[in-house]
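The following exercises concern the reading of a single protein chain from its atoms. Please work through each task before turning to its solution.

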Amino acid sequence: MTDTLYLNVLSGAMIGERLKVPGTEASLGGKGSGAEIAVSGVAHGLKTAEFRISRGRWVLEEIAQGQVRLNGRRPGRRNTLKSGDAIAVPGILPKEPIRLEVEIERDKNRSLLPVSLNLGKVNPQYVVVGIVYGLMFIFAAIYLRGGDEGRSTAQRAEIGAILWAEIEAAGPAANSEWILFDPTPQSFRDLRVVMASSLPEAERDAMAAKFVLTVEQRFAKARRLADIGLEEEAIEEYDLIIDLMDDDAELRTTQEALRERHAVSNAGGRP
């Protein structure tokens, strides 16, 4: 079973409607476009975006290049969605996009506790003991994590060195003449556009350093989550890293994120 994706229409002729995305892959477009999700007010015959399940999570991919916005910004090649995300697609009327809100209904089968569990029959003393041991485990994990600071620092430096090398080796992005609506790079492709732009060198280098720091911090957070047994949250962080790198499996940074994600997913522990 997978999570169910809904799109709440916030503007246009279908305002107030809640659209269920069918199956595990569907496109969004106007009437006559052949899209599985046809929305009134979107240009007739135009497909704008595609939704699909990737690594167990809903992602958005842009079809109408440069015409879709996710949370006010142009989306990257692959964008993991969460409830509350805002999507805007071009409407029939100029400067009046159709706005949609993402709602993801979690699969109830993912619950950590069996549905039939009756806590009323559990001895309260066992509950208290369980809570105490749980707190002890958490504090022990935090204490032990302190001994891993050297490891984490070294790993962050290694990731940073890999990413800096990839930034220096990368050429201009395809179609790099398009203008960034937000000057802060949201993906590796965005960064390549910035690095090929006419911005002052110091400003370009500062943006690159900020991007590298963001990736380093996400790696560090994913590893900490894996260390304390929060595998699902760690996997979400690795997915965000992969999104930042445009899901480009030829990049070593992406390969590292995929390798560690695979280790956490299969071993249920530290990468």
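The conventions come first, and the exercises follow.

The model is predicted, so that local features need pLDDT of at least 70 and side-chain atom pairs count only at pLDDT 80 or more, while totals for chains, interfaces and linings use all residues. Residues are numbered from 1 along each chain as its sequence is written, and side-chain values use heavy atoms, with hydrogens and water left out.

**Exercise 1. Overall composition**

State how many helices and strands the chain has, and what share of its residues is buried.

Step 1. The chain holds six helices and 10 strands. Helices (H or I, at least four residues) and strands (E, at least two) are DSSP runs, numbered from the N terminus.

Step 2. Of the 271 residues, 39% are buried; buried denotes under 20% relative accessible area, exposed over 50%, and partly exposed the range in between (1.4 Å probe, protein chains only).

Step 3. Among contacts (heavy atoms within 4.5 Å) between residues at least 6 apart in sequence, 47% join residues at least 24 apart.

**Exercise 2. The two open sheets**

Determine the strand order of each five-stranded open sheet and identify the strands at its edges.

Step 1. Two strands count as paired if DSSP finds at least two bridges between them. One sheet has the order β2-β1-β10-β9-β7, with antiparallel pairing.

Step 2. Its edges are β2 (18-20) and β7 (69-70); each has a single partner strand, so one side of each lacks a neighbour in the sheet. β1 and β2 are joined in the antiparallel sense by three bridges, and Asn 8 has Arg 18 in β2 as its bridge partner.

Step 3. Another open sheet of five strands runs in the order β4-β3-β5-β6-β8, and its pairing is mixed. Here β4 and β8 are the edge strands, each pairing on one side only.

**Exercise 3. Strand β3 and Gly 29**

Describe how β3 is paired, and decide whether Gly 29 is buried or exposed.

Step 1. With β5, strand β3 pairs in the antiparallel sense over five bridges. Ala 26 stands opposite Phe 51 in β5, and Leu 28 has Ala 49 as its bridge partner there.

Step 2. With β4 (residues 37-38), β3 runs parallel and is joined by two bridges. In β4, Leu 28 is partnered by Ile 37.

Step 3. Four of the five residues of β3 are buried, so the strand is largely enclosed by the rest of the structure.

Step 4. Gly 29 belongs to β3, and its relative accessibility of 0% makes it count as buried. Beyond its neighbours within four places in sequence, its contacts include Ala 35, Val 39 and Leu 46. Val 42, 13 residues away along the chain, has its C-alpha atom 6.4 Å from that of Gly 29.

**Exercise 4. Nonpolar cores**

Which residues have the most contacts inside the largest nonpolar core, and which strand gives the most to it?

Step 1. A nonpolar core is a set of buried Ala, Val, Leu, Ile, Met, Phe, Trp, Tyr and Cys residues joined through side-chain atoms within 4.5 Å. The largest has 24 residues, and Leu 7, Ile 37, Phe 51 and Ile 87 have the most contacts inside it.

Step 2. The elements giving two or more residues to this core are β1 (4-9), β3 (25-29), β5 (47-54), β6 (57-62), β9 (86-89) and β10 (98-105). β10 gives the most, with four residues.

Step 3. Apart from this core lies another, of 23 residues, including Ile 159, Leu 163, Ile 242 and Val 264.

**Exercise 5. Helix spans**

Compare the expected and modelled spans of α4 and α5.

Step 1. The expected span is 1.5 Å times one less than the number of residues.

Step 2. For α4 (residues 201-227), with 27 residues, the expected span is 39 Å, and the end C-alpha atoms are 39 Å apart, which agrees. Just after α4, Gly 229 takes a positive phi of about 85°.

Step 3. For α5, with 14 residues, the expected span is 20 Å, in agreement with the 20 Å between its end C-alpha atoms. Just after α5, Asp 246 takes a positive phi of about 60°.

Step 4. The buried residues of α5 include Ala 234, Tyr 238 and Asp 243.
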